[in-house]
Structure formats: structure tokens, C-alpha cells
Amino acid sequence: MISRRTLLKQFSVLPLVGALFNKGSLITNDLRAQVLRRDYFKELGMRTFINAAGTYTALTGSLMEPEVIEAIKYASNEYVNLDELQDKVGEQIAAMLHCEAATVTAGAASAITLGTAGILTGLDEDKVIQLPDLTGMKSEVIIQKQHRITYDHAIRNCGVRLVEVETRKDLEAAINEKTAMMWFLNANNYVGHIRDEEFVEIGKKYGIPTFNDCAADVPPVENLWKYTDMGFDLVTFSGGKGLLGPQSAGLLLGKKEYIQAARLHAPPRGNTIGRGMKVNKEEILGMLVALEIYLEKDHESEWKNWESQIKLISDAASSVKGVKTEIHVPDVANHVPSLRISWDQDKVKITTEEVREKLRKGHPSIETVGGEESVDITTWMMLPGQERIVASRVREILENARDS
Ligand SMILES: *Cc1c(COP(=O)(O)O)cnc(C)c1O
């Protein structure tokens with residue numbers, strides 16, 4: 001790794017740059033900053049890449065808009081009271097999304113733990129300290145079998161037992177005096193037997209709070225209020241997926257009593273299950289500004305832009321004989337124009353994994369997703385213009401495999 005000092009030393013041997021830093025030079029701070037701009041990832045020996053995959057934590061999520069970065073920089077120069085900032089920002093977000101209350105969390109997974117904890121303890125501060133020991137508290141969370149995914153660990157963090165059900169009949173039979181909450185995974189709305197509205201209706205019928213995980217469910221923008229309007233008591237969204245906010249931020253929205261209770265589990269309070277889920281002023285303000293920008297944006301023209309980018313890559317890939325492309329939009333979760341590229345491996349002699357590896361190893365490097373059947377691409381996490389690079393690399397790799 002090259003240290004900053006070595007870098008400066010290297011700069012100073014260049015006569016021009018050396019002259020720039022001499023006393024009395026007319027160089028502006030701006031230019032000086034540009035000359036000094038460090039390529040940190042390069043210093044660390046890291047590869048950066050075009051993100052043709054989508055919003056993945058492993059690929060560091062999304063990129064924030066300049067206004068969000070400005071808000072983060074602004075916040076980093078001042079001290080404020082953390083609780084007061086959460087209060088004020090929460091009020092603003094709730095007003096923007098017309099829900100009762102809101103708070104910024106350290107991502108959707110954090111919102112799931114904090115929200116569940118809030119539902120379990122209410123405003124009882126002894127119970128807050130007691131978690132994850134549930135003595136004297138409700139201890140079961142009902143979940144549809146088809147809604148189970150890795151992220152439900154965030155519910156189990158609170159010490160509860162997940163009770164799996166499939167049908168409405170199962171669900172109603174599973175409800176008892178230990179039932180604390182009913183859990184819903186929005187992405188699997190159409191996979192489970194019980195759909196969103198019916199789920200809420202059952203929750204209300206038995207007086208059990210319902211929580212909907214919508215982490216990856218903008219766009220469409222209306223989802224930001226659709227599910228609180230529908231009657232879910234708590235709803236969460238990731239801050240760093242479609243909202244393009246800080247990657248370590250998320251939203252917890254819903255009923256005031258549960259948001260207040262969830263806040264009792266969050267920093268600055270220390271004797272809590274959520275102490276490790278800190279969001280500081282930079283992410284809180286960044287999240288607010290990201291949401292403002294997201295709500296103001298021209299969603300229709302953004303959508304058209306994604307469509308034309310996807311079409312460009314699709315046309316490039318399918319110009320190679322034997323290659324098939326399919327453009328689709330997932331119903332829920334990552335609801336954006338998406339491309340599936342597949343080919344007859346007798347004609348184009350390369351596997352999907354090999355294509356993805358070639359894209360990854362090229363310059364610039366390109367990350368995609370997919371399985372044995374296809375290479376899958378979205379453009380919503382790319383910077384403008386990168387779709388052309390992706391289109392030509394994909395065509396080149398497939399064309400070369402055809403020739404050989
Ligand atoms: C991404 C995701 C999460 C986790 O969100 P973070 O903001 O990264 O904590 C939880 N649930 C679902 C369904 C997700 O897609």
C-alpha cells in the first residue's frame with residue numbers, strides 16, 4: 001500500500017506539481033485538491049467496477065446522489081443532539097410519506113430488529129433492558145412458510161420463536177396469547193397463500209401487529225406509503241437500495257406507539273438490543289435528503305431511460321447468432337427493467353459463469369448476476385453511459401466464443 005506521504009513525494013518529483021505547491025503560487029484550493037485527490041481504492045489495491053448486477057450489499061449497494069453527499073459533509077461539521085435529530089427527521093419523513101411516525105435505522109435489517117423489539121416491550125424500560133430474555137413477554141412471531149428468508153434472523157435476534165404457517169386456517173389456529181407479531185415479506189406477496197390485504201385484515205381481527213419487510217420495494221415510489229395506508233403497523237425500506245441513500249441507513253415507518261418503542265432500543269441508549277445498530281447524524285440527514293430527492297424525481301423519465309439502456313444491451317447481445325435475450329420486470333422487489341441473456345452453448349461455446357468471469361476480469365470490470373441458464377443485467381445502479389460499455393463487452397465476449 002502506498003502511503004499518503006509517498007504519494008506526495010512522488011508528486012513532488014514532477015516539476016510541474018512541485019511548482020504548484022510552492023509558496024506564493026497562484027494555485028486555487030480547488031485545483032490543489034484536485035491534484036491531491038487520492039485514489040484510495042487503487043492505493044488499497046482494490047478493483048472498482050461497473051455495477052450491472054443491482055443493489056447487493058456485497059457489491060456495496062447503490063451510489064448516493066451529490067446532494068446526499070453534501071448533506072453528509074454538512075452534518076459532519078456540526079454537533080447536534082442525536083435524539084432530537086431523530087425526532088425532527090422522523091417527523092419530516094412521516095409527513096413526507098403520510099404515515100403516523102418514522103425513524104431512520106441502520107438499514108432495513110436493523111429496522112426489523114428494532115421494530116420487533118418495540119412491539120415486544122412497548123414503552124416498558126425494564127423490558128427493554130431484559131431483551132432478548134422474553135420472560136413475561138409474548139414470544140412468538142407468525143410467518144408464512146413461503147416468506148422465510150435469511151433476513152428473518154433479524155426478527156429472531158429478539159429471542160422470539162418463528163411459527164410457520166401456510167394457509168389462513170393455519171394462521172388463525174396459530175394465534176394464541178404468546179403471539180407478539182405477524183411477519184410479512186412483501187417480495188413474496190404472490191408466493192405465499194395469504195396476500196397483503198388479507199394478512200392485514202387478519203392482524204386487525206385478532207389485534208396482532210403486522211410488520212411488512214419492503215426493503216427492496218421501491219420503485220414504484222407509491223410503495224413508500226401504500227403499505228402503511230393498507231394498515232400494516234410497521235413497514236421497512238432499505239435506505240441504500242432504490243432510494244439511493246446511505247448504504248448503512250434504512251426507514252422504519254408506521255404506528256407512533258411502535259416507532260416510539262423501537263426508538264427505546266436504539267442508540268444513544270446503551271443497555272439495549274440495538275446498541276450496535278448506530279446511525280449517526282451523517283446517515284440520518286443523508287437519508288432525509290435522499291428521500292426528498294427520490295420523491296421529487298421524474299420517475300417516468302427515469303423508467304424510460306432504464307428501458308432504453310436495457311434495450312441497447314439486449315440488442316447488442318442478441319446481434320450475436322445463437323444468443324437470446326428476454327426483457328422482464330419483476331412484480332415486486334427490484335421492480336425495474338431487467339435483462340436475461342442466454343444462448344445455445346453448442347453454437348456459442350462458453351458457459352454463463354465464464355462470461356460473467358470475463359466481464360469481471362475485463363477493463364473496466366463489470367459485475368453481473370445470474371445462474372447456469374443466463375447472465376442477468378440491470379442498469380439502474382450504473383452511471384450514465386456505462387450501459388454502452390456493458391453492451392459492447394457483452395457482444396464482444398459472446399461473438400468471440402462463437403468464432404472459436
Ligand atoms: C436488502 C434486504 C434486507 C436488508 O436490508 P438492509 O438495508 O441491507 O439492512 C432485508 N429484507 C429484504 C427483503 C431485503 O431485500
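Two strands count as paired if DSSP finds at least two bridges between them, and I kept that cut-off in mind while going through this predicted model.

**Entry 1, strand E8.** I began with strand E7, residues 234–238, and found that E7 and E8 pair in the antiparallel sense over five bridges. Within that pairing I looked up Phe237, and its bridge partner in E8 is Leu251. I then turned to strand E2, residues 101–105, which is joined to E8 by five bridges, and here too the strands run antiparallel. For Thr105 I noted Gly250 as the bridge partner in E8.

Next I asked myself how many residues of E8 are buried. For E8, which covers residues 250–254, the answer is five of its five residues, and I wrote the strand down as mostly covered. Looking at the faces separately, I found Gly250, Leu252 and Gly254 buried on one side, while Leu251 and Leu253 are buried on the other, and both faces are therefore covered by the under 20% limit for a buried residue.

**Entry 2, the open sheet.** I followed a second set of strands and recorded an open sheet of four, in the order E9-E10-E13-E12, with antiparallel pairing. Its edge strands are E9 (323–328) and E12 (369–370), each of which pairs on one side only. I checked E12 against E13 and found two bridges between them, in the antiparallel sense. In this pair, Gly370 stands opposite Val375 of E13.

**Entry 3, the largest pocket.** I looked up the volume of the largest pocket and noted about 750 Å³ of space. Its lining is made by 39 residues, and those that lie nearest the centre are Thr55, Tyr151, Ala216, Lys241 and Asn334. I then listed the elements that give two or more residues to this lining, which are helix H7 (108–121), strand E10 (338–343) and strand E13 (375–378). Going back to my second entry, I see that E10 and E13 also belong to the open sheet of four strands.

**Entry 4, a surface patch.** Lastly I went to the surface, where Phe41, Leu44 and Met46 make a nonpolar patch of about 330 Å². Phe41 has its place in helix H4, which spans residues 40–43. Why does Phe41 count as partly exposed? I found its relative accessibility to be 48%, and partly exposed is the class between under 20% for buried and over 50% for exposed, so Phe41 counts as partly exposed.

Technical notes
Residues numbered from 1 in each chain as written. Predicted model: local features only at pLDDT ≥ 70, side-chain atom pairs only at ≥ 80, totals over all residues. Heavy atoms only, no water. Patch = residues over 30% accessible without salt bridge, like charges linked within 9 Å, V, L, I, M, F, W, Y side chains within 5 Å. Areas by Shrake-Rupley, 256 points an atom, 1.4 Å probe, with all protein chains shown as cover. Salt bridge = Lys/Arg side-chain N within 4 Å of Asp/Glu carboxyl O. Buried < 20%, exposed > 50% of the residue type's maximum accessible area, 1.4 Å probe, protein only. 1 Å grid on protein atoms, 1.4 Å probe; cavity = no way out; pocket = protein on both sides within 12 Å on 5 of 7 lines; lining within 4 Å. Points joined across faces, edges and corners; volume = space filled by probe spheres on them.
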